[in-house]
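Colleague: Could you pick out one helix and take me closely through its surroundings? I would like the core, the empty spaces and then a look elsewhere in the chain.

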Amino acid sequence: MVRRHASVPGLRSASRFFIDNSKFGGHMAKKSKDMNPAFSSEVIAEPGGAHLNSCFSCGACSGACPVSQAIPEFDPRKIIHMVRMGMEERLLASDLLWYCSGCRSCVFVCPQDVSFADIMGALARLALKKGYVTPEELVAKGKAAEVQRDLCVSCLTCVRVCPWEIPKIDDGGVATIDVEACRACGICVAECPARAIVLNESEDERLIAACGVG
């Protein structure tokens with residue numbers, strides 16, 4: 001006689017939940033050789049990365065993120081999970097790393113006061129340090145402004161208007177922008193009277209505009 005076990009309400013749906021989360025778009029089930037066990041510690045060691053210690057992956061940030069609404073692949077909770085799984089190459093080599101707009105909507109809804117934007121900043125610095133992206137590629141991706149030296153008239157406008165004091169005048173008397181520090185806010189671009197500063201449209205900006213979000 002075959003005995004049947006009584007079904008438990010919600011068990012099947014719970015199983016589907018765990019199966020779906022284990023896939024994470026088909027790339028979360030990675031072999032151990034592809035993982036960096038020290039990756040989480042490396043992120044925490046970067047400025048802003050310590051927020052990772054306080055996160056318990058409740059998903060509030062994902063629900064509040066305006067970028068996630070336009071680009072479903074950009075999921076803050078998923079990115080946190082990838083960091084903790086040690087998926088360094090998969091994450092740092094991805095364009096998703098540069099989709100965070102830094103709006104900090106995530107901070108206001110987080111019960112732990114975690115700044116996901118600061119964690120993304122830590123990841124960006126690691127990507128640059130480890131050579132997953134170059135300063136030139138950041139400019140091409142629209143994640144940093146660049147001064148066209150032949151057009152700069154050294155008026156100091158960019159130096160005065162930048163809230164983070166990133167533009168400087170170099171030894172040649174021409175404005176220069178630290179690509180790694182630039183927030184790509186576009187203020188200097190808009191204010192430059194000589195139109196000597198350029199900022200490319202980023203992929204996330206294009207997708208958000210196409211979806212009418214923001």
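Modeller: First, a term. A cavity is a set of grid points where a 1.4 Å probe fits but cannot get out. A search of the whole structure finds four of these at 30 Å³ or more. Keep in mind that this is a predicted model.

The chain has 214 residues, and 36% of them are buried. Its secondary structure comes to 12 helices and four strands. Take the contacts between residues at least 6 apart in sequence: 68% of them join residues at least 24 apart.

My choice is helix H8, residues 116–129. It runs for 14 residues and reaches 20 Å from first C-alpha to last, close to the 20 Å expected at 1.5 Å a residue. H8 is mostly covered, with 10 of the 14 residues buried. They are Phe-116, Ala-117, Ile-119, Met-120, Ala-122, Leu-123, Ala-124, Leu-126, Ala-127 and Leu-128. What do they pack against? The partners are H2, H5, H6, H9 and helix H7 (105–109). Just after H8, Gly-131 takes a positive phi of about 80°.

Now the core. In soluble globular proteins, nonpolar side chains tend to be buried together. Here the largest nonpolar core holds 53 residues. Phe-39, Val-43, Phe-74, Leu-123, Ile-177 and Ile-197 touch the most other members. Six helices each supply at least two core residues: H2 (39–45), H4 (66–70), H5 (76–85), H6 (88–92), H8 and H9 (135–140). H8 gives the most, with nine residues.

Two of those core residues show how H2 meets H8. Start with Phe-39. Beyond its neighbours within four places in sequence, Phe-39 is in contact with Leu-123 and Leu-126, both of them buried residues of H8. Its other contacts are Met-82, Val-83, Gly-86, Met-87, Glu-88, Leu-91 and Leu-92. Then Val-43, also in helix H2. Val-43 counts as buried because its relative accessible area is 0%, against a cut-off of under 20%. Not counting residues up to four places away, Val-43 touches Ile-119, Ala-122, Leu-123 and Leu-126. Each of these four is a buried residue of H8. Gly-49 and Val-83 complete the contacts of Val-43. Val-43 and Arg-125 are 82 residues apart in sequence, yet their C-alpha atoms are 9.2 Å apart in space.

H8 also borders empty space. The largest pocket holds about 900 Å³. Of its 32 lining residues, Cys-100, Ser-101, Gly-102, Cys-182 and Arg-183 are the closest to the centre. H8 and helix H12 (203–211) are the elements that give two or more residues to the lining. The largest share, seven residues, comes from H8. By class, the pocket lining has 18 nonpolar, six polar and eight charged residues.

Back to the cavities. The largest holds about 140 Å³. It is lined by 16 residues, and Cys-55, Cys-58, Cys-61, Cys-110 and Val-114 are the closest to its centre. H8 contributes here too: helix H3 (60–64), H5 and H8 each give two or more lining residues. The classes are 12 nonpolar, three polar and one charged.

Finally, two threonines elsewhere in the chain. Thr-157 is in helix H10, residues 157–161. Is Thr-157 buried or exposed? It counts as buried because its relative accessibility is 13%. Leaving aside neighbours within four places, Thr-157 is in contact with Glu-191 and Pro-193.

Thr-176 lies in strand E3, residues 175–176. Its relative accessibility is 32%, so Thr-176 counts as partly exposed. Outside its neighbours within four places, Thr-176 is in contact with Val-147, Ile-166, Pro-167, Lys-168 and Asp-170. Thr-176 and Ser-154 are 22 residues apart in sequence and 10.0 Å apart in space, C-alpha to C-alpha.

To return to H8: it gives nine residues to the core and seven to the lining of the largest pocket.

Note on methods. Residues are numbered from 1 along each chain as its sequence is written. This is a predicted model: local features need pLDDT of at least 70, side-chain atom pairs count only at pLDDT 80 or more; totals for chains, interfaces and linings use all residues. Side-chain values use heavy atoms; hydrogens and water are left out. Buried means under 20% relative accessible area, exposed over 50%, partly exposed in between (1.4 Å probe, protein chains only). Contact means heavy atoms within 4.5 Å. A nonpolar core is a set of buried Ala, Val, Leu, Ile, Met, Phe, Trp, Tyr and Cys residues joined through side-chain atoms within 4.5 Å. The expected span of a helix is 1.5 Å times one less than its number of residues. On a 1 Å grid over the protein atoms alone, a cavity is a set of points where a 1.4 Å probe fits but cannot get out, and a pocket is an open set with protein on both sides within 12 Å along at least five of seven lines; lining residues have an atom within 4 Å of a point. Grid points are joined across faces, edges and corners, and a volume is the space filled by probe spheres set on the points. Ala, Val, Leu, Ile, Met, Phe, Trp, Tyr, Cys and Pro count as nonpolar, Asp, Glu, Lys and Arg as charged, and the others, Gly among them, as polar.
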